[in-house]
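Open the model in your viewer and keep the selection panel at hand. We will go from stop to stop, picking something to select and looking at what is there.

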Amino acid sequence: MKTIFSLTAAAIIMTACTATPDYDATGIFEATTVTVSAETSGKILYLGINEGDSVTRGETIAVIDTATLVLQQKQLDSQRQSAESSSPDIAAQAAALRAQIAHQQHECERFSRLLADGATTQKQYDDAQAQLTTLRGQLTALLSTLGKNRSSISDNAVAIQYQSEQIEEQIAKSTVTSPLTGTVLVKYAEPGEFATPGRPLCKLADLDNIYLRSYFTASQLAGIKIGQKVTVIADFGGDEQYEYPGTVRWIAQESEFTPKSIQTKDSRANLVYAVKVAVRNDGRLKLGQYGEVRL
């Protein structure tokens, strides 16, 4: 009986030891995804990507028809040229009045000499001076009117130019490029479909640099800090596991309830803190795959 009891106790102890997990937390591999959307309206002429394709930063992903935009820009350019050509030539329009003023000045000088010699009357001299004053007032009013007209036309031409530049910017945005070097996860559109601003075209992610979103209890946080080096274990099923060096990049500031699919070292803990561990992917790691963290 003593022998049987000893064997049973040993088996219980070995089971307890075996049940202790060789990790501090578990999680799921994730990546930062970017949804690339159209910024202009038009038919999709080209969408040269498929799910699983690799793209580089700046590579052309899609081309949207710009025929309507080009016509709008040509119309605006024509309106701007028409506005600029209608701007008044101030010097030409004021030339005749300036000539009249110059002539009247000579007349005033002539009447002044005649008045000094007694060959004319004071009234004739005063009338000549009044005519000169009137002509100068007309010139001032003409210059003011022409100046305002030119300013208004110039402002209108500038506004049209801004509209043309906006159209040009939309034309440039009709060529959609990749914002990062990564992999196409999802393709949302096909060539021939109509694109609208904000419509998703595809979803990209950098699968070379991913992270394991794991969850730690409050009691474990004391041993975790940003930049800390840890070991990440990827589980491929069965006994096939691979270890990767990882770096803690982010620690949540607020706790949350333990996700159902996540296990922690302290299974009784209800509140945990999310931690992102950056991992360099060698090509074997997949998004959504189960992983473990060992501090």
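Start by selecting Lys 173, which is partly exposed at a relative accessible area of 33%; here buried means under 20% relative accessible area, exposed over 50%, and partly exposed in between, with a 1.4 Å probe and protein chains only. Now add Glu 39, also partly exposed, with 49% relative accessibility. The two side chains meet in a salt bridge, at 3.5 Å from N to O. That term stands for a side-chain nitrogen of Lys or Arg within 4 Å of a carboxyl oxygen of Asp or Glu. Lys 173 belongs to helix H4 (residues 122-173), while Glu 39 sits in the loop between strand E2 (33-37) and E3, so the pair links distant parts of the chain, 134 residues apart. The element names come from DSSP runs numbered from the N terminus: helices are H or I with at least four residues, strands are E with at least two.

A word on what you are viewing: this is a predicted model, in which local features need pLDDT of at least 70 and side-chain atom pairs count only at pLDDT 80 or more, whereas totals for chains, interfaces and linings use all residues. Residues are numbered from 1 along each chain as its sequence is written, and side-chain values use heavy atoms, with hydrogens and water left out.

**Next stop: more salt bridges**

How many salt bridges does a search of the whole structure find? It finds eight. For another of them, select Glu 30 and Arg 213, whose side chains meet at 3.1 Å, N to O. Glu 30 is in strand E1 (residues 25-30) and Arg 213 in strand E10 (residues 209-217), so this contact ties together parts 183 residues apart in sequence. Glu 30 is partly exposed, at a relative accessible area of 25%.

Then move to Arg 294 and Glu 243, where the closest N and O atoms of the salt bridge are 2.7 Å apart. Since Arg 294 lies in strand E15 (residues 290-294) and Glu 243 in strand E12 (residues 241-251), the pair ties together parts that are 51 residues apart in sequence. Arg 294 is partly exposed, with a relative accessible area of 21%, and Glu 243 is exposed, with 54%.

While you are in this area of the selection list, click Val 293, also in strand E15. Is Val 293 buried or exposed? Val 293 is buried, with a relative accessible area of 1%. Add Ala 234, 59 residues away along the chain, and the C-alpha atoms of the two are separated by 9.0 Å.

**Next stop: the helices**

Select helix H3 (residues 90-117) together with H4. They pack at an angle of about 165 degrees, with axes 9 Å apart; axes are lines fitted to C-alpha atoms, for helices over the stretch in contact, and angles run from 0 to 180 degrees between N-to-C directions. That makes H3 roughly antiparallel to H4, a label for angles over 145 degrees (under 35 is roughly parallel, 65 to 115 roughly perpendicular, the rest oblique). The residues of this contact divide into 15 nonpolar, 11 polar and three charged. In that count, Ala, Val, Leu, Ile, Met, Phe, Trp, Tyr, Cys and Pro are nonpolar, Asp, Glu, Lys and Arg are charged, and the others, Gly among them, are polar.

Now swap H3 for helix H2 (residues 67-85). H2 and H4 pack at about 165 degrees, with their axes 9 Å apart, and are therefore roughly antiparallel to each other.

**Last stop: two sheets**

Select strands E6, E5, E3 and E8: in that order they form an open sheet with antiparallel pairing. Two strands pair if DSSP finds at least two bridges between them. Strands E6 (175-177) and E8 (194-195) stand at the edges with a single partner strand each, so one side of each is left without a neighbour in the sheet. Inside the sheet, E3 (residues 42-47) and E5 (residues 60-64) are joined over three bridges, and Tyr 46 stands opposite Val 63 in E5.

Finally, select E2, E9, E7 and E4, another open sheet of four antiparallel strands in that order. Its edge strands are E2 and E4 (54-55), each pairing on one side only. Five bridges join E2 to E9, and Val 36 has Cys 202 in E9 as its bridge partner. E7 (residues 182-187) pairs with E9 (residues 200-205) over four bridges; zoom in on Thr 183 opposite Ala 205, then on Val 186 opposite Lys 203.
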